[in-house]
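Here are a few exercises to work through with the model open beside you. Try each task before reading its solution.

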Amino acid sequence: MKKMMIVLVIVLAFSSAKAQFIEDALRLSGTNSFVTPRVAGLNVSYLGITDDIGSLVTNPAGLTLIPRKEFSAGVGFNHVTNDLSIFDTKTNFNINNEFLSHIAFSVPIKLENGFASVAIGYFKEQDFRNSYDYNIFNPLNSYIYDQSQNRQPWTQELLLADSNYTTNIKNYVVQKAEIDERGGLHNFTGGAAFDVSENVSLGFSLSGKWGTYEYIRDFEESDPTNIHNTWQVDDFNKLNVREKITQDISGITGLIGLQARIESFMRFGVSIKMPTWYQINESFSRKIDVEFDPAPETQKVDRFSTSQDGSNSYNITTPFVYSAGFSFNAVGVTFTTGVEYSDLTQIEFTDATDLVQENLDLINRIAIKNLVGQTTWGFGLEYELPIAPIIARASYAKTTSPYQQDIANANKTLVSLGGSILLGKNVRLDGVMRWIDYSEQRTAYGSEANPTLMSKYIIKHQPLNIALGMTYRF
């Protein structure tokens, strides 16, 4: 063998940066956040009630129903079960994460013809913590072949492909991957509401958002049975790829709402969430190591490596979110329902450098072609026990898939059971357990342009959300 040790550092040109995906926008436009334990207990059907601090980020018009000063805080816990399926292999991975769900405060103001209210609060909007792995034999395709077909220079530089990007390492490889996602999205929201008549109120809020997202993948492709040994590079053993993407996220959005009430037994509310504008500052890196079998003459093991890194910034604008809710009270039970709708084809990536924007324009066209309007709907109930200072609540909700064509179980199902204990006249302790179930398809490498080179897998997510909170009115 005539191989030399290669240590090469490449700063990626923006034209080859592929760190942006539709999933970045979908992740930021996600719904079903905790807000508070009570909101999580009712899911989207809370839109039919909106009468405590949760109104601040769902329908601020409901703030006028808070009769006294209100302070609320809570903590959350996630236990996420991921079942991954690829070829005929299934793996299971569990993740736990704890966090502060919210801390908020509202103050009522007596007006001549009703009430007004102002409120501020912090809310954990999204939790990105996620992990999974797999270990398979792939007889159909290889990462090396996919990358050589895409004319990635490192396949030549590491002696895995010739000058024409030809390689015989096309299939029959063992692949291992460990994926870890971290971070979260937070918001600080301020809002106000006022009664425009005895039974109608208007409200608005403004939210500043910030957070981070980190994606790390350790990928290994190997030839343990020494199948690939019949051409110029005849002793390939192992490829290791470590990829990392880090995003610093900041954004701003607004919300306006209206609530109408009929006496004390019926409510109806509508709200419009303005498009959220996000600024993304992103850095990405990839380190690639290749190891070959020992040379027959010397038993020397040749190893080659290359690293790539870069950074860029761009904006994401998510679409309007239209919401409505309705509730009524009868025989001591409050029945409530709610719905949200957002046209995800209006997701847009903008304001990058010229070379990156070319890639973002392609993503924008893919969004229009492949995404659809997404709807979340659900119903719930609250019941105050007559014999104990306890309020029971339960709800069911469904969020449709954001894609025109998707896999089975892509619609997200949410079931919540929760309740409150009234610890005196002014203190309420809330708790909730929420089960979520949905599946998503992810791509290990390749694209739909050449399905035979594409490696895809399905993850069934089953998060269990647990939250506790306290509300104090004084």
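**Exercise 1: the second largest pocket**

Sort the lining of the second largest pocket by residue class.

Solution. The lining splits into 10 nonpolar, 8 polar and 10 charged residues. Here Ala, Val, Leu, Ile, Met, Phe, Trp, Tyr, Cys and Pro are nonpolar, Asp, Glu, Lys and Arg charged, and the others, Gly among them, polar. Bear in mind that this is a predicted model, where local features need pLDDT of at least 70, side-chain atom pairs need 80 or more, and totals for chains, interfaces and linings use all residues. Residues are numbered from 1 along each chain as its sequence is written, and side-chain values use heavy atoms, without hydrogens and water.

Next, the space: the second largest pocket holds about 670 Å³. Of its 28 lining residues, Arg38, Asp51, Glu382, Ile391 and Arg428 are closest to the centre. (A pocket is an open set of 1 Å grid points over the protein atoms alone, where a 1.4 Å probe fits, with protein on both sides within 12 Å along at least five of seven lines; lining residues have an atom within 4 Å of a point. Volume is the space filled by probe spheres set on the points.)

**Exercise 2: two positive phi values**

Is Thr50 buried or exposed?

Solution. Start with the backbone: Thr50 isn't a glycine, yet its phi is positive, about 35°. Then check accessibility: at 0% relative accessible area, Thr50 is buried (under 20%; exposed is over 50%, partly exposed in between, 1.4 Å probe, protein chains only).

Now repeat for Asn409. Its phi is near 65°, again positive without being glycine, and at 35% relative accessibility Asn409 is partly exposed.
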